[in-house]
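Subject: A structure for you to look at

Hi,

Here is the structure I promised to pass on. Have a look at it first, and then read on for what turned up.

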Amino acid sequence: MSSDVAYKRILLKLSGEALEGKEAFGIDPDVLQRMSEEIGELVKAGVQVGLVIGGGNIFRGAKLAESGMNRVVGDHMGMLATVMNGLAMRDSLERNSIKTTLMSAMPIQGITTPYSWMEAISRLEKGEVVILSAGTGNPFFTTDSAACLRGIEIQADAVIKGTKVDGVYSADPMKDPDAVLYHELSYKEVVEKELKVMDLSAFILARDHKMPIMVFNMNKKGALMKVIRGEEEGTVIK
Ligand SMILES: Nc1ncnc2c1ncn2[C@@H]1O[C@H](COP(=O)(O)OP(=O)(O)O)[C@@H](O)[C@H]1O
Ligand SMILES: O=c1ccn([C@@H]2O[C@H](COP(=O)(O)OP(=O)(O)O)[C@@H](O)[C@H]2O)c(=O)[nH]1
C-alpha cells in the first residue's frame, strides 16, 4: 500500500441523487466516469474499496408511499433502484479497467452476486472493487444504514459519504448562507447539535461501533483522494 493513504479499506457511499449530475432524471455518464477515475486512483494507491450507492435519483420508498403506494413495495423499488445504479457503476468501472463485483442483498440470478461478507472481504483483498447493492435488503432502512452496516461487516477503516455539499455544516448550507463548515466533530456533538449527517439509525450504528464517518463533496474533483490522504477536506466524525 502506498504510504500516503490514511485508510487501507473503506466503505464509500455515493448518493444516488448526486449521480444525476446535469441530467433531469437517472444517471449522468460524466459523473459515472469521473467517479470511476477517482475510485481507480484509490485502487492504484492500494486502497480496498467497498461501494454502496443510493437510489434516490430513481425511486425513494417514502416518496412513493406519499402518493398512496404500500411503503414496503416502495422500498423494494428503491432497493432495486440501487441495483440499477450498481449495474451502471460496475459497467463504468470495468470500462476503466477496474475489476468490479456487483453484490446484491436482493439476489438477481445471472446479473448480481448474492451478498456475503466473507466473499466481499476476499474480493477486496484481491484488489477488486465490491459494490454492495440493494441496501440492507430490508424496507424502512436507507442506503446510509446499509453503508454503516456493510462498513462494519467488511471491517472497513471508515465510512466515507459522498454528497452534494462540502461536508457537515452548522445548518443546511442550501438554505442558510451563514452556515459554517465543520472539519471535525465528535459523535456526541453531532447528536447534541442535531446536525444532518445521515439518518439517525445509520449514525447511531456507526457511533456504537466506533466507525469513523467522513463526509465529502462528490462534485468536487480530487476531494475524495484528499480525504483518503487524511488532508483537510470535508468533515470527519469520530
Ligand atoms: N447540517 C448540515 N450539513 C450539511 N448538509 C445539510 C445539513 N443539514 C441539511 N443538509 C442537507 O443535506 C443534504 C445532503 O444529505 P444527503 O443525506 O447526502 O442526501 P441524500 O438525501 O441525497 O442522501 C445536503 O444537500 C444539504 O442541503
Ligand atoms: O436498506 C435499504 C436501503 C434503501 N431502501 C430503499 O431504497 C431507497 C433509495 O435509497 P436512499 O434513499 O438511501 O438513496 P440516496 O438518498 O442515497 O440516493 C430508499 O429511499 C428506500 O426506499 C430500503 O428500503 N432499504
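Which helix gives the most to the shell around ligand 2? That would be α4, with six residues. Before I go further, please keep in mind that this is a predicted model.

**Ligand 2**

There are 25 residues around ligand 2, and G54, G56, G61, G78 and G135 come nearest. Helix α4 (71–95) is joined by α1 (16–19), α3 (61–66) and α6 (143–153) in supplying at least two residues each to this shell. Sorted by class, the shell around ligand 2 holds 15 polar residues, six nonpolar ones and four charged ones.

**Ligand 1**

The shell around ligand 1 has 16 residues, of which T163, Y169, D172, M174 and K196 come nearest. Here the split is eight nonpolar, four polar and four charged.

**The chain as a whole**

If you want to get your bearings, the chain has nine helices and nine strands. Its C-alpha trace spans about 50 × 50 × 35 Å along the principal axes. The radius of gyration is 17 Å, which agrees with the value near 18 Å for a compact globule of 238 residues. As for burial, 44% of the 238 residues count as buried. Look also at the contacts between residues at least 6 apart in sequence: 70% of them join residues at least 24 apart.

There is a record to go with this. An unreviewed UniProt entry carries the annotation "domain: Aspartate/glutamate/uridylate kinase" for residues 8–217. Over that stretch the chain is 41% helix and 18% strand, and the C-alpha atoms at its two ends are 21 Å apart.

**Helix α5**

Helix α5 (residues 117–125) is a nice one to rotate on screen. Its buried residues are A120, R123 and L124. They sit on the same side of α5, because they cover an arc of only 100 degrees around the axis. What do they pack against? The answer is four strands: β1 (9–14), β2 (48–53), β3 (100–104) and β5 (129–133). On the face turned away from the buried side you will find the exposed residues M118, S122 and E125. Just after α5 comes G127, with a positive phi of about 90 degrees.

**Two residues to click on**

Try F59 and D30. F59 is in the loop between β2 and α3. Is F59 buried or exposed? Buried, because 20 other C-beta atoms lie within 10 Å, and 20 is where the cut-off for buried begins. Leaving out residues up to four places away in sequence, F59 touches L64, M77, G78 and A81. One of these, G78, is also among the residues that come nearest to ligand 2. F59 and G26 are 33 residues apart in sequence, yet their C-alpha atoms are 9.8 Å apart in space.

D30 is found in helix α2 (residues 29–44). This residue counts as exposed, because it has 11 C-beta neighbours inside 10 Å and the limit for exposed is 12 or fewer. From D30 to E20 is 10 residues in sequence and 9.6 Å in space, C-alpha to C-alpha.

That's everything I wanted to hand over. Enjoy looking around!

Cheers

Key. Residues numbered from 1 in each chain as written. Chains lettered and ligands numbered in written order. Predicted model: local features only at pLDDT ≥ 70, side-chain atom pairs only at ≥ 80, totals over all residues. Near = placed C-beta within 6 Å. Nonpolar A, V, L, I, M, F, W, Y, C, P; charged D, E, K, R; others polar. Arc of directions from axis to C-beta. Contact = placed C-beta atoms within 7 Å. UniProt positions renumbered as here; feature names shortened; annotations may be inferred. Rg over C-alpha atoms; globule rule 2.2 N^0.38 Å.
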